[in-house]
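Please examine the structure shown below. The explanation that follows leads the reader through its surface, beginning with a pocket and ending with a nonpolar patch.

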Amino acid sequence: MKTLVFAGRNFKELLRDPLSYIFCLGFPVIMLTVMTVINKSIPPEANMTIFSIENLSSGMSVFGMAFIMLFTALQISKDRCGAFLTRLYASPMKPYEFIIGYTIPIMIIAVVQCIITYTASYIVSLIIGNAISISGIFVSSLVLIPSEIMFIGFGLLFGSIFNDKSAPALCSIVISLSCILGGIWLDVESLSGGLKKICQVLPFWHAVRTGRMSLNNTYDGFGESMLIVCIYAVVIYLVSITVFRIKMKNDQK
């Protein structure tokens, strides 16, 4: 019960911040629209498919998750720097209960964000005459849940380590990396050499790839990418709990 009360408090804090509506819910939809307009201006002979709606929609969903990471880190770092958590440490709550209390409301926002992005993608696909599959949208939304957990884990980790001034800067780096190396703006499949290997080692490309595959019902190599995302999600989330526990003990001294 105390974990749910704490989660409710965090959910209200997120809803009070107008930037969460702009960046978590509005910005991915705006970028989806802008990139669709850009794609319409690219001649067909260029064979540029990275910005087509069936590829762009999953990329925008993952792009929005990167901002979820940012707001997760800000929420925790502000609570730590404002001594709010220090006062709560006197309660009988355990470290994992604090982590769950932060995760629940952010996960709700991440799911809503994904639904909004895919709904906007479907509307855009109808307008341009290339409707994407509703069943594919449903499957892709479920497939992206491990990616959402992974980005939330990054936010929990950064918020536990850094203060509210340093955490956003580091999250901005990860956001940029997820866009470039995740294949949202870059066709990773056409690359070769070291850069492609880096993309394949990091989880961002695999997160975008699983979303695109499930949306388009093409599953060649899906299992490998899904496994990589799940491993990153579990490891990062467990590390964030460990770091939070260490920080909690240090703050209590």
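**Pocket and patch**

The lining of the largest pocket comprises 5 nonpolar, 5 polar and 4 charged residues. The model is a predicted one, and its largest pocket holds about 310 Å³ of space. In total, 14 residues line this pocket, and those nearest its centre are Asn55, Asp187, Glu189, Arg209 and Arg212. Helix α10, which spans residues 203-216, supplies the largest share of the lining, with 5 residues.

Attention may now turn to the nonpolar surface patch. Leu4, Tyr96, Ile100, Ile104, Ile108, Val112 and Ile116 together form this patch, which covers about 550 Å². The element that gives the most to the patch is helix α5, made up of residues 95-127, with a contribution of 6 residues.

Two residues of this helix merit a separate description. Valine 112, one of the residues that make the nonpolar patch, is located in helix α5. Valine 112 counts as partly exposed because its relative accessibility is 36%, a value between the limits of 20% for buried and 50% for exposed. Valine 111 also belongs to helix α5. With a relative accessibility of 33%, valine 111 is therefore classed as partly exposed. Valine 111 and isoleucine 145 are 34 residues apart along the chain, and their C-alpha atoms are separated by 7.9 Å.

Technical notes. Residues numbered from 1 in each chain as written. Predicted model: local features only at pLDDT ≥ 70, side-chain atom pairs only at ≥ 80, totals over all residues. Heavy atoms only, no water. 1 Å grid on protein atoms, 1.4 Å probe; cavity = no way out; pocket = protein on both sides within 12 Å on 5 of 7 lines; lining within 4 Å. Points joined across faces, edges and corners; volume = space filled by probe spheres on them. Helix = DSSP H or I, 4+ residues; strand = E, 2+ residues; numbered from the N terminus. Nonpolar A, V, L, I, M, F, W, Y, C, P; charged D, E, K, R; others polar. Patch = residues over 30% accessible without salt bridge, like charges linked within 9 Å, V, L, I, M, F, W, Y side chains within 5 Å. Areas by Shrake-Rupley, 256 points an atom, 1.4 Å probe, with all protein chains shown as cover. Salt bridge = Lys/Arg side-chain N within 4 Å of Asp/Glu carboxyl O. Buried < 20%, exposed > 50% of the residue type's maximum accessible area, 1.4 Å probe, protein only.
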